[in-house]
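Subject: Structure handover

Hello,

Here is the structure I said I would pass on. Please look it over before reading the notes underneath.

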Amino acid sequence: MNVTKEIKENQYIKYSISGSLTGTEKSMIRLFETISMKLDESIKNIIMNIGKVTYLDSMSIGLIIGLLLKCQEKGIGFKFEDVPDHVKKMLDTAHLKKIYPDIY
């Protein structure tokens, strides 16, 4: 997994992620911990560009749901950008679109 970050002050933090998202990888867990810590700052939106994600497992979906709940709790927007079809299928299986209609 590779991650780049773009910050537009007081607007958003955008993470562009590529590769495999496996919830048991330390780098994946560290990414979500890092994002969670940023939720206390004055950021209005978190954007995750996942156009180059090749794989997404159920543990990663669990981490995403936890992050969504934290964002919702703090009034911070969360959105996926450039979602590949194979990832949409996984997210749809988890019913994320029903719970968060504007997620992508």
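The notes below go through the sheet, the helices, the core and a few single residues.

Please keep in mind that this is a predicted model.

Sheet

The four strands form an open sheet in the order 1-2-3-4, and the pairing is mixed. Strand 1 (2-8) and strand 4 are the edge strands; each has a single partner strand, so one side of each has no neighbour in the sheet. On average, neighbouring strands are turned by 20° against each other, direction ignored.

Strand 1 and strand 2 run antiparallel and are joined by seven bridges. Within this pairing, Glu-6 has Lys-14 in strand 2 as its bridge partner. At the other end of the order, strand 3 and strand 4 run parallel, with five bridges between them. Asn-49 is found opposite Glu-81 of strand 4. The connection from strand 3 to strand 4 passes through helix 2, and this β-α-β crossover is right-handed.

Side chains alternate along strand 4. Phe-78 and Phe-80 point to one face and are buried, whereas Gly-77, Lys-79 and Glu-81 point to the other face and are not buried.

Helices on the sheet

Helix 1 packs on the sheet and touches strand 1, strand 2 and strand 3. Its direction makes about 170° with that of strand 2. Helix 3 lies across strand 3 and strand 4, at about 110° to strand 3.

Core

The largest nonpolar core has 29 residues. Those touching the most other members are Ile-17, Ile-46, Met-48, Ile-50, Phe-78, Phe-80 and Leu-91. At least two core residues come from each of strand 2, helix 1 (26-38), strand 3 (45-56), helix 2 (58-74), strand 4 and helix 3 (85-93). As background, nonpolar side chains tend to be buried together in soluble globular proteins.

Ile-17 can serve as an example from this core. Leaving aside neighbours within four places in sequence, Ile-17 is in contact with Met-1, Asn-2, Val-3, Leu-31, Met-48, Asn-49, Ile-50, Lys-52 and Val-53. Met-48 and Ile-50 in that list are also among the core residues that touch the most other members.

Salt bridge

How many salt bridges does the structure hold? There is one, formed by the side chains of Lys-14 and Glu-81 at 2.8 Å, N to O. Lys-14 lies in strand 2 (residues 12-21) and Glu-81 in strand 4 (residues 77-81), so the pair ties together parts that are 67 residues apart in sequence. Glu-81 is partly exposed, with a relative accessible area of 28%.

Two further residues

Ser-36 belongs to helix 1. With a relative accessibility of 18%, Ser-36 counts as buried, because the cut-off for that class is under 20%. Not counting residues up to four places away in sequence, Ser-36 touches Leu-67 and Lys-70.

Met-90 sits in helix 3 and is partly exposed, at 32% relative accessible area. Apart from neighbours within four places in sequence, Met-90 is in contact with Leu-56, Asp-57 and Ile-61. The C-alpha atoms of Met-90 and Ile-7 are separated by 28 Å, and the two residues are 83 residues apart along the chain.

Regards

Key
Residues numbered from 1 in each chain as written. Predicted model: local features only at pLDDT ≥ 70, side-chain atom pairs only at ≥ 80, totals over all residues. Heavy atoms only, no water. Salt bridge = Lys/Arg side-chain N within 4 Å of Asp/Glu carboxyl O. Buried < 20%, exposed > 50% of the residue type's maximum accessible area, 1.4 Å probe, protein only. Core = buried A, V, L, I, M, F, W, Y, C linked by side-chain atoms within 4.5 Å. Contact = heavy atoms within 4.5 Å. Pairing = 2+ DSSP bridges. Axes fitted to C-alpha atoms, helices over the stretch in contact; angles between N-to-C directions. Right-handed = clockwise from strand over helix to strand, strands pointing away.
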